[in-house]
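Me: I've got a model here that I'd like to talk through with you. Please take my questions one at a time.

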Amino acid sequence: QRMIQENYTDTAISLQMLADRFSMSPAYLGRLFRQTYGISVAERITSLRMEEAKRLLKDTDLKIKDFGPLIGVENIQYFFVQFKNATGMTPKQYRVWAREGASKDQLSQ
C-alpha cells in the first residue's frame with residue numbers, strides 16, 4: 001500500500017512492477033492485495049490518481065492537458081475517460097463545481 005501511495009505518479013507502476021519488487025508472482029500479490037484492501041492494485045492506483053487530479057482541479061489553475069506527469073498518466077484522453085467514470089463529470093465540469101462549492105462554503109463562514 002505504501003509503495004503505491006509513494007509511486008502512483010510513476011507511469012510505470014503496475015501489479016507486475018510491484019510483484020517484481022517484492023519477488024512475488026503478480027497473481028499472488030494481486031490476490032493478497034484484494035483480500036486485504038477489498039480492491040485491486042489497479043483500482044487503488046487509479047483512485048489515488050483521481051484524488052490528486054481532483055485536488056489539482058480545485059486548488060490550481062494548471063491546464064488539464066498538463067496533468068499527466070503530475071498524476072502518472074501518459075494518455076490524457078484516457079484520463080478524461082477515467083475521470084468521468086470516477087466522478088460522473090468531465091475534469092472541466094468538476095473544476096467549476098468544486099470551485100463553486102468552495103466559494104459558497106467561504107461565504108457561509
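Me: Which loop is N75 found in?
Reply: Elements here are DSSP runs numbered from the N terminus, with helices (H or I) of at least four residues and strands (E) of at least two. Residues are numbered from 1 along each chain as its sequence is written, and side-chain values use heavy atoms, with hydrogens and water left out. This is a predicted model, where local features need pLDDT of at least 70 and side-chain atom pairs count only at pLDDT 80 or more, while totals for chains, interfaces and linings use all residues. On that footing, N75 sits in the loop between α5 (68–71) and α6.

Me: Is N75 buried, exposed or partly exposed?
Reply: The cut-offs are under 20% relative accessible area for buried and over 50% for exposed, with partly exposed in between (1.4 Å probe, protein chains only). N75 has a relative accessible area of 43%, so it's partly exposed.

Me: How far apart are the C-alpha atoms of N75 and T11?
Reply: Along the chain, N75 and T11 are 64 residues apart. In space, their C-alpha atoms are separated by 9.9 Å.

Me: What does the secondary structure of the protein chain come to?
Reply: From the N terminus on, the elements run α-α-α-α-α-α-α. The C-alpha atoms fill a box of roughly 50 × 30 × 20 Å along the principal axes, and 33% of the 109 residues count as buried. The tally is 7 helices and 0 strands.

Me: Which residues have the most contacts inside the largest nonpolar core?
Reply: A nonpolar core is a set of buried Ala, Val, Leu, Ile, Met, Phe, Trp, Tyr and Cys residues joined through side-chain atoms within 4.5 Å. The largest one here has 14 residues. Helices α4 (41–59), α6 (76–87) and α7 (91–107) each supply at least two of them, and the largest share, 4 residues, comes from α4. Those with the most contacts inside the core are A53, L57, F67, I71, F79, F83 and Y94.

Me: Then what does Y94 touch?
Reply: Contact means heavy atoms within 4.5 Å. Not counting residues up to four places away in sequence, Y94 touches K54, L57, F83 and M89.

Me: How many residues does the second, separate core have?
Reply: This core includes I4, Y8, F33 and L48. As a general point, nonpolar side chains in soluble globular proteins tend to be buried together. The second core's count is 11 residues.

Me: What should the 19 residues of α4 span, and how far apart are its end C-alpha atoms?
Reply: The expected span is 1.5 Å times one less than the number of residues. For α4 that should give 27 Å, and the distance between its end C-alpha atoms agrees: 27 Å.

Me: Which element gives the most to the lining of the largest pocket?
Reply: On a 1 Å grid over the protein atoms alone, a pocket is an open set of points where a 1.4 Å probe fits, with protein on both sides within 12 Å along at least five of seven lines; lining residues have an atom within 4 Å of a point. The lining includes I13, G30, R34, S40, V41 and R49. Both α3 and α4 give two or more residues to it. With 5 residues, the top contributor is α4.

Me: S40 is in that lining, so is S40 buried or exposed?
Reply: S40 is in the loop between α3 (26–37) and α4. Leaving aside neighbours within four places in sequence, S40 is in contact with F33 and R34. Its relative accessibility is 17%, so S40 counts as buried.

Me: What about Q82, buried or exposed?
Reply: Q82 lies in helix α6. Not counting residues up to four places away in sequence, Q82 touches T46 and M50. Because its relative accessible area is 15%, Q82 is buried.

Me: Which residues is T60 in contact with, leaving aside neighbours within four places in sequence?
Reply: T60 is in the loop between α4 and α5, and is buried at a relative accessible area of 17%. T60 and R95 are 35 residues apart in sequence and 9.4 Å apart in space, C-alpha to C-alpha. The contacts of T60 are R55, R95 and R99.

Me: Last one: what is phi of S23 near?
Reply: S23 lies in the loop between α2 (15–21) and α3, and is exposed, with a relative accessible area of 69%. Most residues other than glycine have a negative phi. Phi of S23 is positive, near 55 degrees.
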